[in-house]
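Trainee: I have a new model open. Can you walk me through it?

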Amino acid sequence: MNILTATQKGAATREAIIDQAYDMARQTGLEGLSIGPLAQAVGMSKSGVFAHFGSREDLQLAVLESAAMRFGQAVLIAALSQPRGLPRLRAIMRNWFEWGRMATGGCVLVGSVSEYDDRPGPIRDRVRQNEQRWRTELQRAAQLAIDAGHLRDGDTDQYAFELYAIPLAMLHEAGLFGYERARRHGDTALERWIAAHSPTA
């Protein structure tokens, strides 16, 4: 086996471990990740898993990054084909609602905030970084809608806060009362928010 092939195989194995760990974290949270059950799930020894991640914390950070990338692709990148302004903002929010359907069983990103909001360290730093990055994207989308004349000029930081609250409430309701009911509430709340912040409101 040449060096390139070995490197590719190593990268593929690492991704397979992260994929399995991500699925486990959706059910148990990042704190519930354990090397033993993970190694068993991917058919490897504990030392084999540790060969790809120097510590449990490194694994948790890798899972967080994977979750952020999945979310970004499904919610933001998928919306970029829409025209700037309200069409794109709507697409972002509706994609986020759909993420709630796909995240049935638990959203790693939402769960990580509850787990680490009061626990200083590298994982909390990454959680905060992920959150800030997403809020910045929401602010940018809101500003584009303002620039296009689709929304009333306002504090985009506050806009991002209010927009964030809708899918967050939807995720909580979906887990307790079912996705379809939660989605109806989410869609209605979004349209009411848009109407309330339209230039003609």
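What follows is a short exchange on the fold, the core and one annotated stretch.

Trainee: How many helices and strands are there in the protein?
Mentor: Keep in mind that this is a predicted model. From the N terminus on, the elements run α-α-α-α-α-α-α-α-α. The count is nine helices and zero strands.

Trainee: Which helix gives the most to the largest nonpolar core?
Mentor: That core has 57 residues, and L59, V63 and W134 have the most contacts inside it. Several helices each supply at least two residues, among them α1 (3-28), α4 (56-76) and α7 (122-147). The top contributor, with ten residues, is α4.

Trainee: Which residues does W134 touch, leaving out those up to four places away in sequence?
Mentor: W134 is among the residues with the most contacts inside the core. Its partners beyond that sequence window are F71, V75, L76, I92, W96 and Y164.

Trainee: Why does E131 count as buried?
Mentor: E131 is found in helix α7. Beyond its neighbours within four places in sequence, E131 is in contact with V113 and Y164. Buried means under 20% relative accessible area. E131 counts as buried because its relative accessibility is 16%.

Trainee: How far apart are the end C-alpha atoms of residues 34-53?
Mentor: An unreviewed UniProt entry annotates residues 34-53 as "DNA-binding region". The chain there is 65% helix and 0% strand. The end C-alpha atoms are apart by 12 Å.

Trainee: How far apart do the centres of the positive and negative side chains lie?
Mentor: The protein has 23 positive and 23 negative side chains. The centres of the two sets lie apart by 3 Å.

Definitions and conventions: Residues are numbered from 1 along each chain as its sequence is written. This is a predicted model: local features need pLDDT of at least 70, side-chain atom pairs count only at pLDDT 80 or more; totals for chains, interfaces and linings use all residues. Side-chain values use heavy atoms; hydrogens and water are left out. A nonpolar core is a set of buried Ala, Val, Leu, Ile, Met, Phe, Trp, Tyr and Cys residues joined through side-chain atoms within 4.5 Å. Buried means under 20% relative accessible area, exposed over 50%, partly exposed in between (1.4 Å probe, protein chains only). Helices (H or I, at least four residues) and strands (E, at least two) are DSSP runs, numbered from the N terminus. Contact means heavy atoms within 4.5 Å. UniProt positions are given in the numbering used here, feature names are shortened, and annotations may be inferred rather than shown by experiment. Lys and Arg count as positive and Asp and Glu as negative; His and the chain ends are not counted. The place of a charge is taken as NZ of Lys, CZ of Arg, CG of Asp or CD of Glu.
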